[in-house]
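Student: I am new to this structure and should be grateful for a close look at a single part of it. Please choose one residue, describe its surroundings, and then relate it to the whole.

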Amino acid sequence: MQNLTWLIILLGIALGVQIVLFIWGRRIRKKEKENSVIEKYDIRSRQKAWQLLADPELPEEDRKKIEELFQDKA
């Protein structure tokens with residue numbers, strides 16, 4: 001009976017650690033998405049980048065970041 005108690009405690013701790021890691025990972029992913037223009041606008045090709053650059057509603061700061069990223073890759 002004592003072994004079963006320790007097993008339940010161990011499983012509870014493991015579950016708690018998994019939940020904390022899941023929440024922590026989501027927060028990190030959210031911060032990366034906010035800071036990365038590629039993630040923010042879902043840019044998967046040069047064509048998508050140039051279409052975004054043609055959009056007049058694109059913020060100037062994001063426009064500069066996209067231009068820097070795709071000018072260097074040429």
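**A buried acid and its surroundings**

Tutor: The residue chosen is D62, which is placed in helix α4, a helix made up of residues 60-72. The model is a predicted one, and the values that follow are computed from it.

The first point concerns exposure. The relative accessible area of D62 is 5%. Since a residue counts as buried under 20%, D62 is classed as buried. Across the protein, 15% of the 74 residues fall into the buried class.

The next point is what D62 touches. Leaving aside residues up to four places away in sequence, D62 is in contact with V37, K40 and Y41. One of these contacts, K40, is also a salt-bridge partner of D62, with the closest N and O atoms 3.1 Å apart. K40 belongs to helix α2 and D62 to helix α4, so this pair ties together parts that stand 22 residues apart in sequence. The two partners can be set side by side: K40, at 43% relative accessibility, is partly exposed, whereas D62, at 5%, is buried.

Helix α4 holds a further salt bridge. The side chains of R63 and E60 meet there, with a distance of 3.7 Å from N to O. R63 and E60 are 3 residues apart in helix α4, so about one helical turn separates them. R63 counts as buried because its relative accessibility is 15%, while E60 counts as partly exposed because its value is 47%.

On the other side of the K40–D62 pair is helix α2, and a salt bridge also leads from there to helix α1. E39 is paired with R29, and their closest N and O atoms are 3.3 Å apart. E39 lies in helix α2, which covers residues 37-40, and R29 in helix α1, which covers residues 2-35; the pair therefore ties together parts 10 residues apart in sequence. Both residues fall in the partly exposed class: E39 has a relative accessibility of 25%, and R29 has 45%. In the whole structure, a search finds 5 salt bridges, among them the ones described here.

With these details in place, one may turn to the chain in full. The protein has 4 helices and 0 strands, and from the N terminus its elements follow the order α-α-α-α. Its radius of gyration is 22 Å, whereas a compact globule of 74 residues would have one near 11 Å. Along the principal axes, the C-alpha atoms fill a box of roughly 70 × 25 × 15 Å.

Contacts between distant positions can be considered for the whole protein as well. Among contacts with a separation of 6 or more, 31% are between residues 24 or more positions apart. As for the surface, the protein exposes about 6600 Å², of which carbon and sulfur atoms supply 59%.

Finally, the charges may be viewed together. The protein has 14 positive and 12 negative charges, and the mean positions of these two groups are 7 Å apart.

To return to the residue with which this account began: D62 is buried in the computed sense, touches V37, K40 and Y41, and forms a salt bridge with K40. Because K40 is in helix α2 and D62 in helix α4, that salt bridge ties together parts 22 residues apart in sequence.

Technical notes: Residues are numbered from 1 along each chain as its sequence is written. This is a predicted model: local features need pLDDT of at least 70, side-chain atom pairs count only at pLDDT 80 or more; totals for chains, interfaces and linings use all residues. Side-chain values use heavy atoms; hydrogens and water are left out. Helices (H or I, at least four residues) and strands (E, at least two) are DSSP runs, numbered from the N terminus. The radius of gyration is taken over C-alpha atoms; the globule rule is 2.2 Å times the number of residues to the power 0.38. Buried means under 20% relative accessible area, exposed over 50%, partly exposed in between (1.4 Å probe, protein chains only). Contact means heavy atoms within 4.5 Å. Accessible areas come from the Shrake-Rupley method with a 1.4 Å probe; for residues, only the protein chains shown count as cover. Lys and Arg count as positive and Asp and Glu as negative; His and the chain ends are not counted. The place of a charge is taken as NZ of Lys, CZ of Arg, CG of Asp or CD of Glu. A salt bridge is a side-chain nitrogen of Lys or Arg within 4 Å of a carboxyl oxygen of Asp or Glu.
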